[in-house]
Amino acid sequence: MPSALSDTALIFGRYARQTLRSKTQMFFGVLMPLLYLLFFGPLLTGMPLASEGSSWQILVPGLLLQLALFGASFCGFAIILEKQYGVVSRMRATPVSRLALLLGRVLRDAALLTLQSVLLVLAALVMGLRAPLGGVLIGFAFVAATAVALSSLSYALAMKVATPQEFGPVVNAATMPTMLLSGLMLPMALAPGWLDALSHAMPLRYLVDGVRAAYVGDYTGAPVLYGALVAAGLALLAGAVCARAFRKAAA
């Protein structure tokens, strides 16, 4: 266990340093949610989007999880390039724990997306968001859990395909319906009954509802509880799937 932890810290540090050197990656990762915030948010001001909470308390939680959805889902591109350049093969030849090769990457992704979430919330506060500190912190925790789950699945897919051309269409085909059916932009309660019912098949829907409830101060209600359970279950399941993919690739 101590060896696995030190190996994970080593891998995390390697990829964290790479990320810190790439200011472009850090900036453009948060650019799209910021543009939604700046150009879409004012359109919703004063609209009756929910029974409680302002339009910003509806929009910002969705943008946080949109950031996690797209930021984490495309993480696998990096490992495809590393496979092509032989980086993954050289890492396998080292005594580093195979689990650490996964955890180091995933933790870096979660840390990066959480940092970008902080920047997004700070911008939203300037534009008019008012939310309790506890709700904001719960939102960051949900972003981190979502990042762990989706980046793990992204890496598992990347270990299965050989080129970015195979990876991209699969990720797009999964992320777009997820975004539309999870109510990231607007609450699914505004949708027709059949679409609202269909959206309950999307795990991300429960996380969105949980963060929105936390942003209006409801920390102990069913939405936050269901969201936390789904987030934890999804992260554990995705981590197991990705660990299996790494072990098979190393065999």
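## Exercises on a predicted helical chain

Arg205 and Asp209 both sit in helix 11 (residues 203-215), four residues apart, about one turn of the helix. Helices here are DSSP runs of H or I with at least four residues, strands are runs of E with at least two, and both are numbered from the N terminus. The model is predicted, so local features need pLDDT of at least 70 and side-chain atom pairs count only at pLDDT 80 or more, while totals for chains, interfaces and linings use all residues. Residues are numbered from 1 along each chain as its sequence is written, and side-chain values use heavy atoms, with hydrogens and water left out.

**Exercise 1.** Describe how Arg205 and Asp209 are paired and how far each is covered.

Step 1. The side chains of Arg205 and Asp209 form a salt bridge, at 2.8 Å from N to O. A salt bridge is a side-chain nitrogen of Lys or Arg within 4 Å of a carboxyl oxygen of Asp or Glu. Side chains of opposite charge can pair when their charged atoms come close.

Step 2. Buried means under 20% relative accessible area, exposed means over 50%, and partly exposed is in between (1.4 Å probe, protein chains only). Arg205 has 8% relative accessibility, so Arg205 counts as buried. Asp209 has 26%, so Asp209 counts as partly exposed.

Step 3. Salt bridges that share partners link Asp196, Arg205 and Asp209 into one network.

**Exercise 2.** State how many salt bridges the whole structure has, and describe those of Arg105 and Asp109.

Step 1. The search of the whole structure finds four salt bridges.

Step 2. Arg105 pairs with Glu82, and their closest N and O atoms are 2.6 Å apart. Arg105 belongs to helix 7 and Glu82 to helix 5 (residues 76-84), so this pair ties together parts that are 23 residues apart in sequence. Both Arg105 and Glu82 are buried.

Step 3. Asp109 and Arg108 meet through their side chains in a salt bridge of 2.8 Å, N to O. Both of these residues, Asp109 and Arg108, are buried.

**Exercise 3.** Find the nonpolar surface patch that includes Leu115, and classify Leu115.

Step 1. Leu115, Val118, Leu119, Leu122 and Leu125 make a nonpolar surface patch of about 380 Å². Patches are made of residues with over 30% relative accessible area and no salt bridge; like charges are joined within 9 Å, and nonpolar side chains (Val, Leu, Ile, Met, Phe, Trp, Tyr) within 5 Å. Accessible areas come from the Shrake-Rupley method with a 1.4 Å probe, and for residues only the protein chains shown count as cover.

Step 2. Leu115 is found in helix 7 (residues 98-127). Its relative accessible area is 41%, so Leu115 is partly exposed.

**Exercise 4.** Which residues does Thr178 touch, not counting residues up to four places away in sequence?

Step 1. Thr178 lies in helix 9 (residues 164-181) and, at 17% relative accessibility, counts as buried.

Step 2. With that exclusion, Thr178 touches Leu69, Met202 and Leu204. Contact means heavy atoms within 4.5 Å.

**Exercise 5.** Summarise the secondary structure and the burial of the chain.

Step 1. The chain has 12 helices and zero strands.

Step 2. Of the 251 residues in the chain, 44% are buried.

Step 3. Among contacts between residues at least 6 apart in sequence, 79% join residues at least 24 apart.
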